[in-house]
Amino acid sequence: MGVIAYNLGKDAKAYIEGSLAGFDNLVEMPTVQSGKVNVETSEADTTTREGAGWGSSSPTIRKATVEITALMKVTDAVLAKIETAVLAGGIIESAFLTGAVSVAGSRGPYGQWMIASFNRDEPIEGAVPVAITFKLQEYIGYTTDGTDPT
C-alpha cells in the first residue's frame, strides 16, 4: 500500500498583488493563522410539470468568499496593504491556494477581490488577530497546478 498524499492546512497559502500585477508577482501573506475558501453556486428553480413530480434546479451565479485570520505584525507590509485597500474601498488581486505557487497540486481561486471586512480583536494576552473577508469581484481563473490559470 502506497503513501496517500493529502493537502495539509499548514501548507495553504494566501497571496496578494505585489508591486507589479500578475500571478507571477503575487506576494505571500506571511502572518496567516487560518483561512477558509467558500465557493458556492446560486440556483434557479427549473421545475416543470414534465418532471413527473420531481423538482429541478439549474446553476446560475457562482460566488467566492475567503475568510482569513492573520496576526498583526508591526513590519507586515502585506497586511498594511490590505488595511489601506479596505479604507480606500479598493480591490486587491489575490490567490488562495492549497500550497505554494508553482507547486504541483496547489489549487485555488485567483482574481480581483474586494476587502469586505477587516476586524481586529485586541485580547489582553496574546497577539492581535485580524479577521479579513475577501469577496470575489472579478474572476480571473482557478489554478489546479499552482501556475497562472490565464
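Strand β3 is the top contributor to the lining of the largest pocket, giving seven residues. That makes a handy starting point for a tour of this predicted model, beginning with its pockets and moving on to the sheet.

**The two pockets**

The largest pocket has a volume of about 440 Å³. It is lined by 26 residues, and those closest to its centre are G9, A12, K13, G35 and L97. Besides β3 (32-45), the elements that give two or more residues to this lining are β1 (13-16), β4 (57-71), β5 (91-97) and β6 (108-120).

What lines the second largest pocket? Here the residues are V39, R62, K63, A64, P109, L136, Y139 and Y142. At least two of the lining residues come from β4, and at least two from β7 (129-143). The space in this second largest pocket comes to about 160 Å³.

The table sets the two pockets side by side, with the lining residues split by class.

| Pocket | Volume | Nonpolar lining residues | Polar lining residues | Charged lining residues |
|---|---|---|---|---|
| Largest pocket | about 440 Å³ | 14 residues | seven residues | five residues |
| Second largest pocket | about 160 Å³ | six residues | no residues | two residues |

**The sheet and its helix**

Now to the sheet. Seven strands form an open sheet in the order β2-β1-β5-β6-β7-β4-β3, and their pairing is antiparallel. At the edges are β2 (27-28) and β3, each of which pairs on one side only. So β3 combines two roles: it is an edge strand, and it gives the most residues to the lining of the largest pocket.

At the other edge, β2 runs antiparallel to β1, and two bridges join the pair. One residue to look for here is Y15, whose bridge partner in β2 is E28. Helix α1 (residues 77-88) packs on the sheet, where it touches β1, β2, β4, β5, β6 and β7. The direction of α1 makes about 80° with that of β6.

**A closer look at S94**

Is S94 in strand β5 buried or exposed? S94 counts as buried because its relative accessible area is 0%, and the cut-off for buried is under 20%. Beyond its neighbours within four places in sequence, S94 is in contact with Y15, I16, P109, Y110, G111, W113 and F134. Two names in that list have come up before: Y15 is the bridge partner of E28, and P109 helps to line the second largest pocket.

How values were computed:
Residues are numbered from 1 along each chain as its sequence is written. This is a predicted model: local features need pLDDT of at least 70, side-chain atom pairs count only at pLDDT 80 or more; totals for chains, interfaces and linings use all residues. Side-chain values use heavy atoms; hydrogens and water are left out. On a 1 Å grid over the protein atoms alone, a cavity is a set of points where a 1.4 Å probe fits but cannot get out, and a pocket is an open set with protein on both sides within 12 Å along at least five of seven lines; lining residues have an atom within 4 Å of a point. Grid points are joined across faces, edges and corners, and a volume is the space filled by probe spheres set on the points. Helices (H or I, at least four residues) and strands (E, at least two) are DSSP runs, numbered from the N terminus. Ala, Val, Leu, Ile, Met, Phe, Trp, Tyr, Cys and Pro count as nonpolar, Asp, Glu, Lys and Arg as charged, and the others, Gly among them, as polar. Two strands pair if DSSP finds at least two bridges between them. Contact means heavy atoms within 4.5 Å. Axes are lines fitted to C-alpha atoms, for helices over the stretch in contact, and angles run from 0 to 180 degrees between N-to-C directions. Buried means under 20% relative accessible area, exposed over 50%, partly exposed in between (1.4 Å probe, protein chains only).
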